[in-house]
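Let's take a walk through this one, from the whole chain down to the sheets and the ligand.

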Amino acid sequence: MNFTKLCVLGLGYIGLPTASTFATHGLQVVGVDVNPQVISTLCNGGLHIHEPGLRTLVEAAVKSGKLTVSEKPEEADAFIIAVPTPFRAAPTRYADRFGEYDGQMYKLADMRAVTSASEAILPVLRKGNLVVLESTSPPRTTVDLVAPILERSGLKAGVDFHLVYSPERVLPGQILRELIENARVIGGITPASAQAGRDLYAVFVRGEIVQTDATTAEMVKLMENTYRDVNIAIANEFARLAERFGVDVWEAIGLANRHPRVRILSPGPGVGGHCISVDPWFLVEAAPDITPLIYTARNVNDAQPHFVLDLVKRALGNPSTGSGQGLKGKKIAALGLSYKPDVDDLRESPAVEVVHLLQKEGALVKAFEPFKTDADLPGITAVSSLETALKDADAVLLLVNHSGLRALTPEKMAALTPARILIDTVNGWAGKDWQAAGFRIFRLGVKQIKRET
Ligand SMILES: NC(=O)c1ccc[n+]([C@@H]2O[C@H](COP(=O)([O-])OP(=O)(O)OC[C@H]3O[C@@H](n4cnc5c(N)ncnc54)[C@H](O)[C@@H]3O)[C@@H](O)[C@H]2O)c1
């Protein structure tokens with residue numbers, strides 16, 4: 001199938017790079033967003049999101065006349081839906097579905113944007129078109145939610161128009177390269193739909209393009225992130241076990257990973273971001289009765305900030321008994337707020353949750369996020385420099401393994417802070433001789449034998 005004109009709905013981290021890449025590869029692209037600010041920013045030559053190389057790409061696409069933006073879809077050969085699918089906490093829906101509420105707190109996919117984007121395509125959908133859903137979605141969304149909406153046009157999915165699910169797996173910071181180089185899964189509601197999807201992405205994808213059915217493609221995306229979430233949950237439980245048994249979990253994981261078929265991920269203060277901490281819920285929502293492991297892994301990771309709180313209490317507690325004496329009035333410099341190293345993204349970040357927990361216990365926390373020095377978070381004192389965070393601290397807490405923070409030496413730290421207690425939740429300061437510089441260091445997943453026996 002040949003494509004001349006494409007409409008991309010949702011111009012965020014996924015939609016805008018995708019629309020621009022198709023435009024610079026020769027397609028006429030209309031980028032659609034319901035947020036008027038996004039449209040006016042782009043119309044005025046601005047950019048509302050940060051991604052390396054994106055400004056140059058968007059400028060090239062606009063300058064060539066191949067990329068235009070609009071608040072409404074237009075007739076086209078193909079449509080790509082790349083709108084948000086966040087979650088919302090809602091325990092009660094299970095009462096509707098299973099007859100009774102089981103007392104647990106679940107998180108459910110918010111599919112309103114996918115619904116309204118599909119509805120927006122309805123008036124311009126034509127025979128022979130291809131519609132692609134890229135938004136991460138619960139299993140069967142393409143066949144059970146999107147197809148029935150589009151069929152309100154009177155056209156039949158898989159017969160009159162092609163319908164495909166194709167997950168996006170790009171890494172923020174590397175989106176432009178990975179968009180082109182990553183393998184791409186194309187799930188069609190019929191083999192002919194999958195073939196049409198393949199023809200579209202073959203315009204620029206250099207990685208392998210693999211065809212399957214739509215529901216398999218939805219599962220693939222959710223399985224990838226769920227696998228990582230469960231793997232991190234077991235690493236977090238190993239960290240708890242290591243503390244109990246006087247073992248250094250980081251060393252133990254390093255040794256276990258020398259087994260040729262073992263690959264344990266790293267423990268830490270929890271799991272955040274808009275993918276790994278969200279996507280497993282889509283599987284739990286779709287089938288709560290058969291997903292106890294996935295549900296438990298989510299809870300293990302969500303509970304991890306409380307283990308960090310315990311570690312901080314022990315670090316600031318009575319050295320002779322090892323017991324915590326409360327954190328009231330203790331000044332803590334919390335370093336790193338983002339959900340993972342070397343990014344500025346604070347969404348669902350466990351580091352933010354740790355700061356809230358410390359403050360609830362009465363600690364006076366100054367937080368510093370080197371990738372977002374103007375972070376404005378309700379209830380959190382975020383300072384704009386490392387020096388300010390450290391200068392009058394009683395303890396320093398490393399929450400994110402940012403390269404700049406990891407690089408701090410004992411000498412530099414000693415010069416910047418009167419604190420001599422360091423708490424490392426990400427193994428960022430391992431291998432440095434903190435003791436020689438007068439520090440006591442407490443690491444997540446490492447029992448402080450001297451203090452507690
Ligand atoms: N960002 C990532 O790294 C990443 C990676 C893989 C998958 N995903 C998935 O891709 C999807 C999009 O994510 P994102 O990060 O690009 O989101 P985003 O929040 O950056 O952008 C989404 C855009 O869609 C717009 N929008 C909302 N409703 C709309 C509608 N009805 N019609 C047109 N536009 C609409 C919003 O205004 C926003 O500009 C999500 O399902 C996400 O889970 C994202």
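What percentage of the 453 residues of the protein chain count as buried? The figure is 43%. Keep in mind that this is a predicted model.

## The whole chain

The protein chain carries 17 helices and 16 strands. Its C-alpha atoms fill a box of roughly 75 × 50 × 45 Å along the principal axes. The radius of gyration is 25 Å, which agrees with the value near 22 Å that a compact globule of 453 residues would have.

Now for the contacts: among those in the protein chain with a separation of 6 or more, 72% link residues 24 or more positions apart.

## The eight-strand sheet

One open sheet has 8 strands in the order 3-2-1-4-7-8-9-10, and the pairing is mixed. Strand 3 (67–70) and strand 10 (209–213) sit at the edges with a single partner strand each, so one side of each has no neighbour in the sheet. On average, neighbouring strands here are turned by 25 degrees against each other, direction ignored.

At the strand 10 edge, strand 9 (residues 184–188) runs parallel to strand 10 and is joined to it by 5 bridges. Isoleucine 186, for one, has glutamine 211 in strand 10 as its bridge partner. As for helices, helix 1 (residues 15–24) packs on this sheet and touches strand 1 (5–9), strand 2 (28–32), strand 3 and strand 4 (78–81), making about 165 degrees with the direction of strand 2. Helix 5 packs on the sheet too, touching strand 1, strand 4 and strand 7 (130–133), with about 165 degrees between its direction and that of strand 4.

## The six-strand sheet

There's also an open sheet of 6 strands, ordered 13-12-11-14-15-16, with parallel pairing. Strand 13 (382–383) and strand 16 (440–443) are the edge strands; each has a single partner strand, so one side of each is left without a neighbour in the sheet. Strand 12 (residues 364–368) runs parallel to strand 13, and 2 bridges join them; alanine 367 has alanine 382 of strand 13 as its bridge partner.

Helix 12 (residues 292–315) lies across strand 14 (395–398), strand 15 (421–424) and strand 16, at about 160 degrees to strand 15. Helix 13 (residues 350–360) lies across strand 11 (331–335) and strand 12, at about 165 degrees to strand 12.

## Around the ligand

Which residues come nearest to the ligand? Of the 27 around it, they are Gly10, Gly12, Tyr13, Ile14 and Ser135. By class, the shell has 16 nonpolar, 8 polar and 3 charged residues. Helix 5 (residues 112–121) turns up here again, giving the largest share of the shell with 4 residues.

Terms used
Residues are numbered from 1 along each chain as its sequence is written. This is a predicted model: local features need pLDDT of at least 70, side-chain atom pairs count only at pLDDT 80 or more; totals for chains, interfaces and linings use all residues. Helices (H or I, at least four residues) and strands (E, at least two) are DSSP runs, numbered from the N terminus. The radius of gyration is taken over C-alpha atoms; the globule rule is 2.2 Å times the number of residues to the power 0.38. A residue is buried if 20 or more other C-beta atoms lie within 10 Å of its own, exposed if 12 or fewer, and partly exposed in between; C-beta atoms are placed from the backbone. Two residues are in contact if their C-beta atoms, placed from the backbone, lie within 7 Å. Two strands pair if DSSP finds at least two bridges between them. Axes are lines fitted to C-alpha atoms, for helices over the stretch in contact, and angles run from 0 to 180 degrees between N-to-C directions. A residue is near a molecule or strand if its C-beta atom, placed from the backbone, lies within 6 Å of it. Ala, Val, Leu, Ile, Met, Phe, Trp, Tyr, Cys and Pro count as nonpolar, Asp, Glu, Lys and Arg as charged, and the others, Gly among them, as polar.
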